[in-house]
Amino acid sequence: MKKFLIATAAFVAAVAALVGFSIQPRRVLLPPAPDDGAVPGAFHVHTNRSDGLSGPDAIAAAAARAGLKFVIFTDHGDGTHRPDPPSYRSGVLCLDGVEISTNGGHYVALDMPPAPYPLAGAARDVVEDVRRIGGFGIAAHPDSGKPQLRWQAWDAPIDGVEMLSLDTGWRLWVEDARTPAGKWAARRHLAAAILDYPFRPAETIAGLIRSGETLNAEWAGIAAWRPAVTLGGVDAHARLDLQDDPVDARFALPLPGYESSFRVLSIRVRPERALTGDAVADAALVMRAIRAGHLYTAVDAVATPPSFEFTATSAEGMAREGDQLTAGAPVTMRVRSNAPPAFTATLWNGMQIVGSEHREQDFTLTLPAGEAGEYWVEIRAPGRPRGAWGGRTTVTSLPWIRSNPIYVRGPAEPPRAAARPAATVREPMFNGSSTEGWRAEHDPTSLAVVETVTMVGGAELRLRYGLAGGHSPGRVAALAFDTPGGIAAHDRLALTLRGERPMRISIQLRIGDAGDRWSRSIYVAPAHEERTIFFDDFTPHGATSTPRPPLGEIRSILFVIDATNFKPGDSGRMWIKQAELQH
Ligand SMILES: [Zn+2]
Ligand SMILES: [Zn+2]
């Protein structure tokens, strides 16, 4: 018994020592500062409607305790579910968005009516759909440690980037703990975090933040030619999955809690006018501000409450975060905050530092020639030794505030991608009178029929389809055009087509009857539209022997209705007026 007590006491002492050495410094509680007019809220929150722990009421109550004024729910979905109308719960404005899984990462869509069909498939196609439907899309946790969660489609016209993600932070440490090189340092850091968490939850989570730095280049690449809003996401689930299957809750810990997450990171939005308490009107104000980039991100677990303003003034007037000035004339940038003296502010232009090591709470920088660029501000807290009890010591500063950019633009339009040369050779695929060369394909439980129909203006090909119900992922109905000699003499497909209602079909190039396939999906509108699809734009559909389709070996071109963008049991019609192989 005595031995046991001694052992227990030694263990407690060891834990206390470890916590003492490793624990993150307590957040800096800042003295009252001038109100900067910003409204604090949390972006990227999961409820129990997807893989979060609690319902909207409990989450809103946690947000209220953390001092937030709004939360943005982003449960996983395909966009077809009608978002909940805005509401006030516990005095917190609740907005409802959706986090869509694409083949190239997760994409959060806000402020969007229900999609006419499930949004899924290639990331660039989901980006296109969200934009067409009228939503505001944000690449979620784009630098995730998990390859399938990492954002791939940096060329797509995304509206925003989640530059800081609490979910990414700990995942990167977990990934490191699996590699031979960083294994022990990462395991020590995670073990210390688990020990420290009960004592200083928010500070401990903030100590795991790693994302942001590697994304600057990707973001700057986009922002150089069009606005791209940056914001931090809590990605709060109140569940720590201990295995890869996110649906299996048996292996999840209820950590970190919603309230702790909300105390780590907030977005601070500047609406055009004060919120009134009317949920619908206030939601519109908050969303307008987010769309305009009128916001900054603060890591409250480092220091709180923040007060921050970033403005740029030229002869044209004054611009705030998210706004634009014309290049050429002198521009004066002003940064004002309530940062403690040890914190340092850096003014960036895209990836370039314009001014750094600013410790003043109020400073200006004048660019005499008003050079074009995307100017943004970052304020960081000083570094503290990390892993001090484990031997090697690293000092990493923590981000505190990240602004949105002020764009200084030249009069010239940014360069656009050159258009492809027009086709000179056209080979019709549809003879204008019969289904010759065309046939239908379908799985045993679905239906597909191809026929010609006479319309005003001539005959058209019509596909009638009826997909099997239930959960069979193999359901498929397709219109097939056979190309016995391959399609190497051509580089594109030109179509005039329409659907019974808005739909997204997959065009596939296939070797033989069941060989490798490459695909490219297109939106089909209810009115006839001309579309040109280039063969070098096709990507592998499942595993293929080559990344690009070997055009000489392609035996069929398929127009596919399948489980990706159609619901089980769906039926309808699609018409093709013209189809040509071209080059
Ligand atoms: Zn996600
Ligand atoms: Zn998420």
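Q: Two strands pair if DSSP finds at least two bridges between them, so what makes strand β15 and strand β16 a pair?
A: Four bridges join β15 (residues 308-314) to β16 (residues 317-320), and the strands run antiparallel. Four meets the bridge minimum, so they count as paired. One of the matches is Ser314, whose bridge partner in β16 is Gly317. With two residues between them, β15 and β16 form a hairpin.

Q: How do you know what you're looking at, and how is it numbered?
A: It's a predicted model, where local features need pLDDT of at least 70, side-chain atom pairs count only at pLDDT 80 or more, and totals for chains, interfaces and linings use all residues. Residues are numbered from 1 along each chain as its sequence is written, chains are lettered from A and ligands numbered from 1 in the order in which they are written, and side-chain values use heavy atoms, leaving out hydrogens and water.

Q: What makes a stretch a helix or a strand?
A: Both are DSSP runs, numbered from the N terminus: helices are H or I with at least four residues, strands are E with at least two. Helix α7, for instance, covers residues 216-223 and includes Asn216.

Q: Which residues coordinate the zinc ion (ligand 1), and how do you know?
A: Glu99 (OE), His106 (ND1) and His141 (NE2) do, at 2.0 to 2.2 Å. Donors are N, O and S atoms within 2.8 Å of the metal (3.2 Å for Na, K and Ca), and water is not among the atoms, so sites may look incomplete. Those distances fall within the zinc limit, so the three residues count as donors. Glu99 also bridges to the zinc ion (ligand 2), and the two ions lie 3.4 Å apart. Glu99 sits in strand β5 (residues 92-102), while His141 is in the loop between β7 (136-139) and β8 (160-165), 42 residues apart.

Q: Why is Glu99 called buried or exposed?
A: Buried means under 20% relative accessible area, exposed over 50%, and partly exposed in between (1.4 Å probe, protein chains only). Glu99 has 1%, so it is buried. His141, at 2%, counts as buried too. Thr424 has 67%, so it counts as exposed; Thr424 is in the loop between β24 (406-409) and β25 (426-428).

Q: What makes the link between Asn216 and Arg402 a polar contact?
A: A polar contact is a pair of N or O atoms within 3.5 Å; within protein, one must be able to donate a hydrogen and the other to accept it, and residues adjacent in sequence count only if both atoms are side-chain atoms. The side chains of Asn216 and Arg402 are joined at 2.9 Å, inside that limit, so the name fits. Asn216 is buried, at 8%.

Q: Why are β26 and β34 said to stand at the edges?
A: The open sheet of six strands has the order β26-β29-β35-β31-β32-β34, with antiparallel pairing. β26 (438-442) and β34 (539-541) each have a single partner strand, so one side of each is left without a neighbour in the sheet.

Q: How do you know that α3 packs on the sheet?
A: Contact means heavy atoms within 4.5 Å, and α3 touches β31 and β32. The direction of α3 makes about 5° with that of β32; axes are lines fitted to C-alpha atoms, for helices over the stretch in contact, and angles run from 0 to 180 degrees between N-to-C directions. Buried residues of α3 (residues 123-133) include Val126 and Ile133.
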